[in-house]
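Student: I have a protein model open, and I would like to learn how to read it. Could we go through it together, one feature at a time?

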Amino acid sequence: MAEDGKGEPVATDDDSEHLAVDGSSNNTMVEESCTLLRRMEICVAEAEKRSGKNAVNMQETFTVYLIETRPMDAVAEGRNPAPDSLWRRYSEFELLRSYLVVTYPYIVVPPLPEKRAEFVWHKLSADNMDPDFVERRRVGLENFLLRVASHPVLSNDKILYHFLTEEHGWKEVVYETGFQAKADSRLRALSATFRVRNTDKRFMDMKHYSDELQSHTSQLLRARARVADRLYGVFKVHGNYGRVFSEWSAIEKEMGDGLQSAGHHMDAYAASIDDILEEEEHYADQLKEYLFYAEALRAVCRKHELTQFELEMASQDLISKKQQREELATGCERFSFKGMTNKLFGQEAPEQREARLKLLEELIAEGEEAVKEKTVECEEHVERAWVDMQRFEEQKDKDLREALINYAVMQISMCKKGIQVWSNAKECFLKM
């Protein structure tokens, strides 16, 4: 690694204690002009297939991706230094994203491109080592890094900077943050979903919206795959026109040249579908990104449910402790095993009652502190998450509008090409 990359202005070790581990410092809420993408040029330049032994000493084939970075101030000054570069596996991108999801639970973290091809039409390879799929995934991984590096909070994380600039020792730095211990178990999240009582309606609506977004985008992708299959067949059938016209031209004197020319137009039209559907995959990948974004949106909503559930559990426990203290102080305890014991073996000594009261007072003080902490945690999550979800909404509306318009333009262009082919064929026929 060149030293240039290490001179970038990033969070210091002291700042990162707040910024990269618990995500709770207001220092993370920076202006967009301070994002990493304003300071660093980032790209995933190429992909390369490699072989090696995995953790269990088994031979495997995998793909690595070359990340290149260059300081923007050098570019702005007209200098063109060689970029710093390093190789990363897809699994390392997964580790980075897992860290970001756990560390910043109030952020809709950008998704990674698919690990294996989904919603493919029958002529497209579903092999994750297929060169075309690897290339599309390279583009998707670059898009992921650009999304993260332009986010007002995520872009200033020290771990992200390590990922981009430190080839060795990066994983150790991630694991040292202890993020895995903070990950919420699926069981706890599921329990919170069914038992929480007072969830914020905005988050309930957003969770429902994420389900609908996923449903509609998946339906659109399935429809697009079916159309691609049929479109491929229609275009390739035009090759039969070309073959027939070419063979027919061989037995005709006056009509031969016209038929042969028309056949060439049909052959070219039939061959053009491969490039058309390859371009279509680009728009399909943009839709897939928002298919996966739906899960990221749900994760933020589930975290809200979990924090709200923990607050409600802490509040209930505090109420229960206060009720026990009141009953013990008045001597009117409800039916309990302890009460039955007292009836059978006599009342407890005043000293024992005082000790129990003192213990309850301590537990109540701890419970009140826990409720305060959970209340603050819940309120902060709601405030920050809602800000980021609004940012996501604006980004989604802009991106999907642009993608759908470009897809429509591409379809119009394809139809015009078909009209042009038949117009050319008509001219050929007129000359016969």
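Student: Does Ala183 count as buried, partly exposed or exposed?

Tutor: Good place to begin, and keep in mind that this is a predicted model. The general idea is to look at relative accessible area: under 20% is buried, over 50% is exposed, and partly exposed lies in between. Ala183 has 40% relative accessibility, so it counts as partly exposed. You will find Ala183 in the loop between α8 and α9. The C-alpha atoms of Ala183 and Thr103 are 8.7 Å apart in space, with their positions 80 residues apart in sequence.

Student: What share of the residues in the protein chain is buried?

Tutor: Of the 432 residues in the protein chain, 42% are buried. The chain has 14 helices and three strands. Take contacts in the chain with a separation of 6 or more: 77% of them involve residues 24 or more positions apart.

Student: How do I read a helix pair, and at what angle do the axes of α11 and α14 cross?

Tutor: Look at the directions of the two axes; an angle over 145 degrees counts as roughly antiparallel. Here, helix α11 (residues 256–271) and helix α14 (residues 350–430) have axes that come within 8 Å and cross at roughly 170°. The two helices are therefore roughly antiparallel to each other.

Student: Which residues of α11 and α14 meet?

Tutor: On the α11 side they include Gly258, Leu259, His265 and Tyr269, and on the α14 side Lys417, Gly418, Val421 and Trp422 are among them. By type, the residues of this contact are nine nonpolar, five polar and one charged.

Student: Let me pick one residue. Is Tyr269 buried or exposed?

Tutor: Tyr269 belongs to helix α11, and because its relative accessibility is 10%, Tyr269 counts as buried. Setting aside neighbours within four places in sequence, Tyr269 is in contact with Phe235, His238, Lys417, Gly418 and Val421. With Val421, the C-alpha separation is 6.9 Å, although the two residues are 152 residues apart along the chain.

Student: And how does Glu94 count, buried or partly exposed?

Tutor: Glu94 lies in helix α4 and has 28% relative accessibility, so Glu94 counts as partly exposed. Beyond its neighbours within four places in sequence, Glu94 is in contact with Leu112 and Lys115. Its C-alpha is 7.5 Å from that of Leu112, which is 18 residues away in sequence.

Student: Now the rings. How many aromatic pairs does the structure hold?

Tutor: There are 14 aromatic pairs. To read one, check the distance between ring centres and the angle between planes; an angle over 60 degrees counts as edge-to-face. Phe93 and Phe163 are one such edge-to-face pair, with 5.1 Å from centre to centre and 75° between the planes. This pair links distant parts of the chain, since Phe93 is in helix α4 and Phe163 in helix α6, 70 residues apart. Phe93 and Phe163 are buried. Phe163 also pairs with Trp170: their centres are 5.0 Å apart and their planes at 70°, so this pair is edge-to-face. Trp170 is buried too, like Phe163.

Student: Which residues do the ring pairs link into a cluster?

Tutor: Phe93, Phe144, Phe163 and Trp170.

Student: Where does the charged end of Arg202 sit?

Tutor: The charged end of Arg202 is over the ring of Trp386, 4.7 Å from the ring centre. Look at Arg89 as well, which lies over the face of Phe62 at 3.9 Å from the ring centre.

Conventions. Residues numbered from 1 in each chain as written. Predicted model: local features only at pLDDT ≥ 70, side-chain atom pairs only at ≥ 80, totals over all residues. Heavy atoms only, no water. Axes fitted to C-alpha atoms, helices over the stretch in contact; angles between N-to-C directions. Helix = DSSP H or I, 4+ residues; strand = E, 2+ residues; numbered from the N terminus. Parallel < 35°, antiparallel > 145°, perpendicular 65-115°, else oblique. Contact = heavy atoms within 4.5 Å. Nonpolar A, V, L, I, M, F, W, Y, C, P; charged D, E, K, R; others polar. Phe/Tyr/Trp six-rings, centres within 6.5 Å; stacked < 30°, edge-to-face > 60°. Buried < 20%, exposed > 50% of the residue type's maximum accessible area, 1.4 Å probe, protein only. Lys NZ or Arg CZ within 6 Å of the ring centre and 35° of its normal.
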